[in-house]
Amino acid sequence: MFNLEYLFNMLGLASLMTTVILSFILMLKIEQIKQLQITANKLKKSLEEMDEQAKLILRTDMELNKTQEELDKKITTLYALHRLSRSLSTTLEENQIFKRIEPAYLEELGFEKACAFLWSDKENKFISHLNVGYLEDEIKNIDNHIDSDKNWYLDLIKTEKTISSISIPTPDLKEKISNIFAVNFFVISPILPKEGLKGVFFVGTENIDTALTEGDEESITIVSNQIGQALDNARLYEKRWQAQQELEKKVEERTRELTNAFEEVKKVSKHKSDFISSVSHELRTPLTSIKGYAAILIAEKLGQLPSEVKERLEKINRHSDELVHMVNDLLDIARIESGKDIMKVSEQDLKDIISSASDLILIQCKNKNIELIQDIPKGLPLIMVDRSQIERVFINLLGNAVKFTPEKGKITIKAHKEDGFVQIDIKDAGIGIPPEALSKIFDEFYRVDNPVNQEVKGTGLGLSLVKNIVKAHKGKIWVESELGQGSTFSFTLPIE
């Protein structure tokens, strides 16, 4: 009995312990299941997040691929536009411009068909200038359409806006244009040169997979602008070329006229010089006789003369001297103008020439109490001149200065080096020269109408002779004057 009860007790205890252990194990399992459930939920959430990320990555990749494709297309378009622009800019002939739009450039832009029309005011219609991708019958059909709907295209030109199959406002018009031009997608852009005939540029494609964008409209607009610029350049060049031809023709005609006129002037000048030389030589003989007989009579070699007769003979002799002087001046001018009077050029000291010429008029200066100032700097280079001829220049100019300078006046001679020449300025304090006489002062026989010239007779040849001598030395002579303020005669002489 004892053993059996004990056994049952042990078995009950063992069962209880087993139950407790199993309960504990079950609790552990439940806890593990909860942990696994939590982990599973986390994994599910992570998987869901990964799925979203994968979808995002896929979308991003697709967008990147699309962006890359668009970028590649833009780069290709830019290269095509650059090559097309360079091709259009290499010609200045209007009839060659549209020939530079080759199919290869259009294909790079995404189009295989193109045509262009320019409006003709003379014919009152659009004239075809470009045909790419169309047969002869097709382009005739397009010509008829353009002609029948010319007002619509003229309005398009006026709006200055590009339209396409994605921006055209009327679906029926889109379908009509697509059918006539045999394309699925198209772009029409106005050609707008600043001057001359305007037109339209059409491009299209039959490819239904082509994704036409606003960027394509911009690209074709750029091409149209380049065509317009090329037309402007060609037309401007044509105008300039024609103007140049007309100008060259006029210049040639004018040159021929001037050449003929110059030859006539040379002939007249030669005849004048020959006439003056001939007359002067002819005058010398009777003048010499007159002077000779007058001198004999004045010397009373043929008998004593009354004082009245002697006085008149002296006037004859004096006026004969004036005539001889005038004849000599005329001969000198004629010889210098004709080139017969050879200048005996040598190195000369300008200061020495001025001193020599000044000595000759010093008495005239003293008689009028005129101060003669020589402002000649040291170190002036030697000049290459004919000394005797240049002394005549100084004597004439200084003589005029003395004649027109009032008593107690002042005459100044200055000199300085000027670009391979020496410039001499002779300034007087005389009555001055009227402005209207300045351009004639060096003409032969010209004398300014003033009180001094009315009292003192002269030939009007002195300044003309001076001008010719200076010119023969490759120099220049000019005068600056103001009434009541005196005059300054300036001239240049070569150093070499």
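**Entry 1: a pair in helix H7**

I began with Arg254, which counts as partly exposed because its relative accessible area is 49% (buried means under 20% relative accessible area, exposed over 50%, and partly exposed in between, with a 1.4 Å probe and protein chains only). Before going further I noted that this is a predicted model, in which local features need pLDDT of at least 70 and side-chain atom pairs count only at pLDDT 80 or more, while totals for chains, interfaces and linings use all residues. I also noted that residues are numbered from 1 along each chain as its sequence is written, and that side-chain values use heavy atoms, with hydrogens and water left out.

The side chain of Arg254 meets that of Glu257 in a salt bridge, at 3.2 Å from N to O; the term stands for a side-chain nitrogen of Lys or Arg within 4 Å of a carboxyl oxygen of Asp or Glu. Glu257 is partly exposed as well, at 45% relative accessibility. I looked up where the two residues sit, and because they are three residues apart in helix H7 (residues 214-298), about one helical turn separates them. Helices here are DSSP runs of H or I with at least four residues, strands are runs of E with at least two, and both are numbered from the N terminus.

**Entry 2: other salt bridges**

How many salt bridges does the count come to? By this rule I find nine salt bridges.

Glu136 forms one with Lys140, and the closest N and O atoms of the pair are 3.8 Å apart. Both residues lie in helix H4 (residues 136-148), four residues apart, or about one turn of the helix. Glu136 counts as exposed because its relative accessibility is 55%, whereas Lys140, at 45%, counts as partly exposed.

Arg83 and Glu108 make another such pair, with 2.4 Å from N to O. This pair links distant parts of the chain, since Arg83 belongs to helix H1 and Glu108 to helix H3 (residues 103-109), 25 residues apart. I noted Arg83 as partly exposed at 28% relative accessibility and Glu108 as partly exposed at 29%. Elsewhere, Asp352, Arg387 and Glu391 are linked in a network of salt bridges.

**Entry 3: along helix H1**

Ser85 is also found in helix H1, and it is partly exposed because its relative accessible area is 25%. I checked its distance to Ala230, and the two are 9.1 Å apart in space, C-alpha to C-alpha, although their positions lie 145 residues apart in sequence.

Leu22 has its place in the same helix, H1 (residues 2-88), and it counts as exposed because its relative accessibility is 52%. Leu22 helps to make a nonpolar surface patch of about 1100 Å², whose other members include Tyr6, Met10, Phe24 and Leu28. Patches are made of residues with over 30% relative accessible area and no salt bridge, where like charges are joined within 9 Å and nonpolar side chains (Val, Leu, Ile, Met, Phe, Trp, Tyr) within 5 Å.

**Entry 4: a five-strand sheet**

In what order do the five strands of the open sheet lie? I read the order as S7-S9-S10-S12-S11, with mixed pairing; two strands pair if DSSP finds at least two bridges between them. Strand S7 (371-375) and strand S11 (477-482) are the edge strands, each pairing on one side only. Neighbouring strands are turned by 15 degrees against each other on average, direction ignored.

S7 and strand S9 (residues 410-418) run parallel and are joined by five bridges, and Gln374 stands opposite Ile413 in S9. Helix H9 (residues 350-367) packs on the sheet and touches S7, S9 and strand S10 (421-427), its direction making about 175 degrees with that of S7. Contact means heavy atoms within 4.5 Å, and axes are lines fitted to C-alpha atoms, for helices over the stretch in contact, with angles running from 0 to 180 degrees between N-to-C directions.

**Entry 5: helix H12 and the whole chain**

I then turned to helix H12 (residues 462-472), which is mostly covered, with eight of its 11 residues buried, among them Gly462, Leu465 and Val470. Lys474 follows H12 and has a positive phi, near 65 degrees.

For the whole protein chain I noted 12 helices and 12 strands, and 33% of its 496 residues count as buried. The accessible surface comes to about 31600 Å², of which 56% belongs to carbon and sulfur atoms; such areas come from the Shrake-Rupley method with a 1.4 Å probe, and for residues only the protein chains shown count as cover. Among contacts with a separation of 6 or more, 68% are between residues 24 or more positions apart.
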